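Biologist: I have this fold open in front of me and would like a close look at one polar residue and the hairpin around it. Please start from the core and work your way there.

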Amino acid sequence: MLKIKSGKSCCSTFTLFVFILFYFYYPIFLNCQENVVLLGQSYNTTTTTSIDIGSSDVSGTITTEIGLLSKLTYFDIRYSAVQGTIPTEIGLFSKLTSLSIR
């Protein structure tokens with residue numbers, strides 16, 4: 001059990017508190033990103049339900065961060081310049097109803 005001696009100042013107690021908070025809870029906060037950048041565009045992880053870049057000149061690869069868009073229902077990249085493989089995280093979307101790729 002952690003005990004703080006009574007002779008310690010409040011600043012050192014506060015420092016210890018911040019250290020403990022950071023050490024134990026920071027990894028949880030890392031998984032709570034509010035925005036994800038995919039293919040040069042920013043998407044909000046709590047409100048984005050569709051991504052439609054089909055028939056556009058958007059290029060690049062889809063990163064695994066797409067898995068943070070848990071409310072995604074529609075994803076269209078047909079006839080775009082997107083390259084590479086589709087991350088397996090897309091298979092985890094329980095709300096995805098339309099997936100259009102080429």
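Modeller: Let's start with the largest nonpolar core, which has 16 residues. L38, I51, I53, I62, I66, L69 and F75 are the ones with the most contacts inside it. Keep L38 and L69 in mind, as both come back below. In soluble globular proteins, nonpolar side chains tend to be buried together. F75 shows how one core member is surrounded: leaving out residues up to four places away in sequence, F75 touches I51, I62, I66, I90, L96, S98, L99 and S100.

Bear in mind that this is a predicted model. The protein chain averages a pLDDT of 81, with 72% of the residues scoring at least 70. Confidence is lowest in helix α1 (residues 10–30), where the mean is 61, and highest in strand β5 (residues 74–76), at 96. In all, there is one helix and there are seven strands, with the helix coming ahead of the strands along the sequence. Of the 102 residues in the chain, 23% are buried.

Now to the hairpin. Strand β1 (residues 35–38) runs antiparallel to β2, and four bridges join the two. V36 stands opposite Y43 in β2. Two residues lie between the strands of this hairpin, and L39 takes a positive phi near 50°. In a regular strand the side chains alternate between the two faces of the sheet. You can follow that along β1: V36 and L38 point to one face and are buried, while N35 and V37 point to the other and are not. L38, then, is on the buried face and is also one of the best-connected core residues.

That brings us to your polar residue, N44, which sits in strand β2 (residues 41–44). Is N44 buried or exposed? N44 counts as buried because its relative accessible area is 18%, and the cut-off is under 20%.

What does the side chain of N44 reach? One partner is the backbone nitrogen of T47, at 3.1 Å. There is also a polar contact of 2.6 Å between the side chains of N44 and T46.

Further along the chain, not counting residues up to four places away in sequence, N44 touches E34, N35 and L69. N35 belongs to the β1 residues that point to the face that is not buried, whereas L69 is among the core residues with the most contacts. N44 and L69 are 25 residues apart along the chain, yet their C-alpha atoms are separated by 7.6 Å. So the buried N44 has polar partners in T46 and T47, and touches a core residue in L69.

Definitions and conventions: Residues numbered from 1 in each chain as written. Predicted model: local features only at pLDDT ≥ 70, side-chain atom pairs only at ≥ 80, totals over all residues. Heavy atoms only, no water. pLDDT = per-residue confidence, 0-100. Buried < 20%, exposed > 50% of the residue type's maximum accessible area, 1.4 Å probe, protein only. Core = buried A, V, L, I, M, F, W, Y, C linked by side-chain atoms within 4.5 Å. Contact = heavy atoms within 4.5 Å. Polar contact = N/O pair within 3.5 Å; in protein donor to acceptor, adjacent residues only side chain to side chain. Pairing = 2+ DSSP bridges.
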